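Trainee: Got a minute to go through the inside of this one with me? I'd like to talk about holes, cores and ring pairs.

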Amino acid sequence: MTITVRELNRATLSRQLLLAREPLTVADGVRRVVALQAQHPASPYVALWNRLTDFAPAELDAAFTDRTVVKATLMRITLHAVHAEDYPAFRAAMRPTLYASRLGARFAAAGLTPADAEELVPELLAFARRPRTSAEMQAWAEERLGAEKKDGGWWGLKGYAPLHHAPTGAPWSFGHRPSFVAAGDSGPEPTGRAVDTQALRTLILRYLAGFGPASIADVAQFAMVQRAPVRTAFLAMGDSVEQLQGPDGEALFDLPGASRPPADTPAPPRLMAMWDSVLLAYADRSRVIPPEYRPLVIRRNGDVLPTLLVDGRVAGVWRPTADGIEATAFHPLSPAAWDGLAAEAESLTAFLGDREAEVYSRYHHWWSKLPEGEVRVL
């Protein structure tokens, strides 16, 4: 079976709750979309506002507080919010990547080895049984490792060890000065860089549920894991997955019976969060981002701007201002599209006004680097 680019787009939007908002709880919504990018504290909230009917931010506050939803370093070695029940498998699947990236050169430059990390992690988790500020964690590292090793040691351990970010307060549960808490009793940490095949299989199946159909390269990009173990995992899955042919002939995989709406399914406009996962979950992002727009919205330093989604694809960017939501379209939009964006902007303005009316303002410098487009304040 061959699937078109537009059918891929609609499948992604369906899995990501972007064809229609759905009346789910926060916990169920997070599980449905698999993982929410959480580098900016507001982004998981804006992401769920886009996806859930009558989304109440206080429900996500509560989920973070009671740790039904947890924020941690996971896929692509970045911060994600995931359902607590998914965290152990996701972290186990990511462990070889975290091991390689966080116990490498900078850790070694501090005079430390992976064996040191394996010894230190249980002590660190015992110290973090209750939430600890960054200052407290750095003080622990200095006491345990000495002043010369503390910076490199803590840098490696905070990304490698099974730690959650602990809520620190308004307006979005987490501030820019993080606190940390142990992820919980998951048993002894394995040693070495061996792939946990069962955990990787779980991650792949969860990924396909939220983002499929997808290629081996897409899965590897989403998690920043090696393609070889992903390929091996797919070969071992048998009838658990089905294979499709992508628009360019590439092999794509999906769950049997998963939602793949027709290409002509209407897709309403959306105002997507910064770093929204739907923009970053694929090696080939053309199903959502026109290739000519990719460098405009995904900047070289890794910032991913808040985007306009029109007919299911990126059509521009948005930012809050004192006068309303300023939308910049990269190409002409129909009156109906502008009307739809205006309705979303009215809702978003009310949503943000209760917490942080001009969210993402620190990233406004990118707007001077954008090409000319049609700009409207909605």
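What follows is a chat about the cavities, the packing and the aromatic pairs of this predicted model.

Trainee: Let's start with the holes. How many cavities of 30 Å³ or more are there?
Mentor: Keep in mind that this is a predicted model. The largest cavity holds about 50 Å³ of space, and the second largest has a volume of about 30 Å³. With that size cut-off, the count comes to 2 cavities.

Trainee: Which helix gives the most to the lining of the largest cavity?
Mentor: The lining includes Gln-16, Ala-35, Trp-275 and Asp-276, along with Ser-43, Ala-47 and Arg-51. Two elements each supply at least two lining residues, namely strand 1 (36-37) and helix 3 (43-51). The top contributor, with 3 residues, is helix 3.

Trainee: And by class, what does the lining of the largest cavity look like?
Mentor: Among the lining residues you'll find Leu-36, Met-274, Gln-37 and Ser-277, so sort them with Ala, Leu, Met and Trp as nonpolar and Asp and Arg as charged. The tally for this lining is 6 nonpolar, 4 polar and 2 charged residues.

Trainee: Now the second largest cavity: which strand has the largest share of its lining?
Mentor: Its lining includes Phe-64, Val-69, Val-70, Lys-71, His-164 and His-165. Strand 2 (69-73) and strand 5 (163-166) each put in at least two residues. The largest share, 3 residues, comes from strand 2.

Trainee: Back to helix 3. How many of its residues are buried?
Mentor: Buried here is under 20% relative accessible area. The list includes Tyr-45, Val-46 and Trp-49, and also Asn-50 and Arg-51. These buried residues pack against helix 2 (26-33), strand 1, helix 4 (57-65), strand 9 (270-271), strand 11 (313-321) and helix 14. The helix is mostly covered, and the count is 9 of 9.

Trainee: Which helix supplies the largest share of the largest nonpolar core?
Mentor: That core has 67 residues, and Val-26, Phe-55, Leu-60 and Leu-271 touch the most other members. The largest share, 7 residues, is from residues 335-353, which is helix 14.

Trainee: Which residues of helix 3 does Leu-271 touch?
Mentor: Leave out residues up to four places away in sequence, and the contacts of Leu-271 include Trp-318, Ile-325, Leu-341 and Leu-348. Helix 3 spans 43-51, so look for contacts with numbers in that range. Those are Val-46, Trp-49 and Asn-50.

Trainee: On to the rings. Is the pair of Tyr-45 and Phe-64 stacked, tilted or edge-to-face?
Mentor: A search of the whole structure finds 18 aromatic pairs. In this one the ring centres are 6.3 Å apart and the planes are at 50°, so the pair is tilted. Tyr-45 is in helix 3 and Phe-64 in helix 4, so parts 19 residues apart in sequence are tied together. Both residues are buried, and the type is tilted.

Trainee: How many residues apart in sequence are Trp-275 and Tyr-363?
Mentor: Their ring centres are 5.7 Å apart with planes at 85°, so the pair is edge-to-face. Trp-275 is in the loop between strand 9 and helix 13 (294-297), while Tyr-363 is in the loop between helix 14 and strand 13 (374-377). The pair links distant parts of the chain, and the separation is 88 residues.

Key: Residues numbered from 1 in each chain as written. Predicted model: local features only at pLDDT ≥ 70, side-chain atom pairs only at ≥ 80, totals over all residues. Heavy atoms only, no water. 1 Å grid on protein atoms, 1.4 Å probe; cavity = no way out; pocket = protein on both sides within 12 Å on 5 of 7 lines; lining within 4 Å. Points joined across faces, edges and corners; volume = space filled by probe spheres on them. Helix = DSSP H or I, 4+ residues; strand = E, 2+ residues; numbered from the N terminus. Core = buried A, V, L, I, M, F, W, Y, C linked by side-chain atoms within 4.5 Å. Buried < 20%, exposed > 50% of the residue type's maximum accessible area, 1.4 Å probe, protein only. Contact = heavy atoms within 4.5 Å. Phe/Tyr/Trp six-rings, centres within 6.5 Å; stacked < 30°, edge-to-face > 60°.
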